[in-house]
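Hi,

Here is the structure I promised to pass on to you. Have a look at it first, and my notes come right after.

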Amino acid sequence: MAVLEKMRKKMGVFISVVIAIALLAFIVNPDDLQRVMSMFSSKYDVGKVAGKTISQQEFAKRLDKYNRIVGDNNDVDREASSDMASNLTWQSYIADYILIPACEKAGISVGEAEMIDMAKPGMFTSPVFTNEPMFLNENGMLSQEKMQQFVQMINSDQSGQLAEYWENLQNNAMQDRMFTKYTAMLAKSATLNRLQARRDIAENNNSFDVDFILQPVAFTKDTSIVVTSEEIKKYYESIKPSLKKVETRDASVVVLPINPSEKDVNVAREDIEKLYAEFLNVPSADVKNFIDKNSDTPMSEVYFKEGELKQISSIVDEFAAKNGAGSFLEPQPYDNFFVGAKILDVAQRPDSVYLRYIPVPDEKTADSVMSNVKNEADFINTAAQFIPQQGNNEPGLIGWANESFVYSQLPVEFMKAFSSKKGDMFKMEFNGMYVVGRVDNLTKPVRKAKVALLTRQASASQETYSIVYEKARDLKENSYSDIDKFEKYALDNNMELIPVENLLGGAKTISSYDKMKEVSRWIFEAKEGNISDVFTLENNQYYAVAALKKIHPAGYAEISELTPQIKELLTMKKKVEKLAGELKEKVGEVSSIEEAADKLLLPVSNLTDVTFSSLTSGNQTDPILVGAIAKAGANNDRSVIGPVKGALGVIYFQIKDHKNGAFYTESDAQRKSEQNIYSILNVLPQVMCQDAGIDDKRYKFF
């Protein structure tokens, strides 16, 4: 009883907490309770940077800021924008916890006066500000006036987004300057001493011409060579520090495309045949309205020359090239696509025109410009009065453009240019203002046809979606939680089975399929042997089912994974060792490489201008041979050297000529040293991150 009482006292606090949580579950919203519990669970951590844990809530709060910044300032799709914001958020933690502390530890800082100078035009300007188009003048230079205007706008911005954006710019500028100072300090502190310079000069100025023979190792199996498990383990331990890896996973993914069924295709065919019957009686003046209302592709004002409609159908292209205005083409099948056509007009038109334009505030100004401008030079000078100069670009110059470009990229009124003559000008109203255009040149006119295309794309019906979904669901149900049965069922039913090996967390692409982030996330949440529910992917174009086969945890590659490769490597080394002994016995003492070649029945090959620096010059010569040549050259040894145990065989060589140049100087050595330093500095952030330790688990949540 005394022991029981003692346990009750010690467990009292713990039991109270458990009871409290149980009561909370009845009176608190479950979602709120989960959020509270997540604060105390590493399960909800986004990752670690330099030993500091980043929770999901903390990351999401910072991510919101970057989502606003990216969303307001980048013309990208939603997924790309989301990924960009997530990466910027993660990089901000790396800067806060690794890069900036390293700079501060080195005594580097950025003062208030320096921050002010960075935001001014001049030699201290930060590239962060010069990379912002809204701060640049018409010459592409930083404008103090535009920056001041932006800062003044912050006070009147009730949303606070401008202030947030400005704060982010200043922070980025400060961090960029600190790290620039840090790398500059390291670059200046790395010097080339005289001993290094002399060695580098010697390595580059002393070159050798060499004759050699090579006996490759036979790749047939040699039963006399045995590699023991102890040897494999010893070699594994020697390379283990280089075998660190992140977690990866193996899976099988089945993708089921949702394609229109034969029934869906027949429905599309019936639809276009009914529409085509109406189309035959539509007056030319009403064709555009009819096409825009009934066709899957809108009416185009473009005139097409022969060959340009092949992207739609070669039959349509041939029809437009050989028939006159008013001709009809009955609906033609093209995969799951049907297209009928009517030629509205045939004309001789230029393939491309050379265009200029001037935007003006009103029609009166447009008329004045058209009456005053007499030639190309007048037009350029007048355009300069209305359009700010941007770099070396001529104001108002569009240049050569074909009809498809003009129709898709410019106001449709510019299509007038293709029925104009060289030197013609035209005016048009656009968005409340007027534009004056000029045709400065045009290509030779060719036959073109304006074609109305009546199209219908067969699309999967709800019935088809249900049928394909049932196939995906049957796959899971008939697998009985067994991956072997899962794969067999998929193959037996002609489903696309994708083997996935060593998938990284956060992968967005699997095989040739994009936007697989949802499947990838499931794979990294599942347990070995799990089979997923059905995923709907790529805007309802695919269904997918995944099965997790194996988890390769983070850490070091296991010896069992590398045993075949290590065994093969050690076997090759032993083969070379054995072959070297056999050749040494056969060759014996020789005075020339030709004598050694005769004994081994091998041809003599040669290498020219071999230097020790060949090891770092991208040369494909065996590094072991290069080292042996450099050593023999340094000792002025002209005898036959061998056997040299190369990577793939045994080598004998003899130096035939030694050239001592003077083209590589101390300044070259200094320049090479600086290049090496800057190569190191380029990867410095990655090295710093590796040393600090980073665990990125964003893929579980974002």
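Below is what I found, going from a sheet to the cores and then to the salt bridges. Keep in mind that this is a predicted model.

Let's start with the small sheet. Three strands make it up, in the order β2-β1-β21, with antiparallel pairing, and the sheet is open. The edge positions go to β2 (52–55) and β21 (694–696); each has a single partner strand, so one side of each has no neighbour in the sheet. From one strand to the next, the twist averages 20°. If you want to check the register, β1 (residues 45–49) and β21 pair through three bridges, and Gly-47 sits opposite Asp-696 of β21. Helix α4 (residues 78–105) lies across β1, β2 and β21, at about 35° to β1.

Helix α4 comes up again in the packing. The largest nonpolar core has 44 residues, and the members that touch the most others are Phe-129, Phe-135, Trp-166, Tyr-182 and Met-688. Several elements give two or more residues to this core, among them β1, α3 (56–73), α8 (161–189) and α24 (684–692). Which element gives the largest share of the core? That is α4, with nine residues. For a closer view, try Phe-135: beyond its neighbours within four places in sequence, its contacts include Phe-129, Met-141, Met-147, Phe-150, Trp-166 and Leu-169. There is also a second, separate core of 27 residues, with Val-316, Leu-355, Val-406 and Leu-453 among its members.

One hairpin is worth a look too. Strands β7 (residues 328–334) and β8 (residues 337–350) run antiparallel and are joined by five bridges, with Pro-333 partnered by Phe-338 in β8. Two residues lie between the strands of this hairpin, and Asp-335 has a positive phi near 55°.

Now the charges, which may interest you if you are setting up protonation states. I count 36 salt bridges in the structure. These are the ones I looked at:

- Lys-517 and Asp-83 meet at 3.5 Å, N to O. Lys-517 belongs to helix α19 (residues 517–525) and Asp-83 to helix α4, so this pair ties together parts 434 residues apart in sequence. Both Lys-517 and Asp-83 are buried.
- Glu-394 and Arg-356 have their closest N and O atoms 2.6 Å apart. The two are 38 residues apart, with Glu-394 in the loop between α15 (376–386) and β10 (397–402) and Arg-356 in strand β9 (residues 352–360). Is each one buried or partly exposed? Glu-394 has 35% relative accessibility, so Glu-394 counts as partly exposed, while Arg-356 is at 2% and therefore counts as buried.
- Lys-448 and Glu-403 form a salt bridge at 3.1 Å, N to O. Lys-448 is in strand β13 (residues 445–457) and Glu-403 in helix α16 (residues 403–409), 45 residues apart. Lys-448 and Glu-403 are both buried.

Finally, there is a network of salt bridges that links Glu-247, Arg-249, Asp-695 and Lys-697.

Cheers

How values were computed: Residues numbered from 1 in each chain as written. Predicted model: local features only at pLDDT ≥ 70, side-chain atom pairs only at ≥ 80, totals over all residues. Heavy atoms only, no water. Pairing = 2+ DSSP bridges. Helix = DSSP H or I, 4+ residues; strand = E, 2+ residues; numbered from the N terminus. Axes fitted to C-alpha atoms, helices over the stretch in contact; angles between N-to-C directions. Contact = heavy atoms within 4.5 Å. Core = buried A, V, L, I, M, F, W, Y, C linked by side-chain atoms within 4.5 Å. Buried < 20%, exposed > 50% of the residue type's maximum accessible area, 1.4 Å probe, protein only. Salt bridge = Lys/Arg side-chain N within 4 Å of Asp/Glu carboxyl O.
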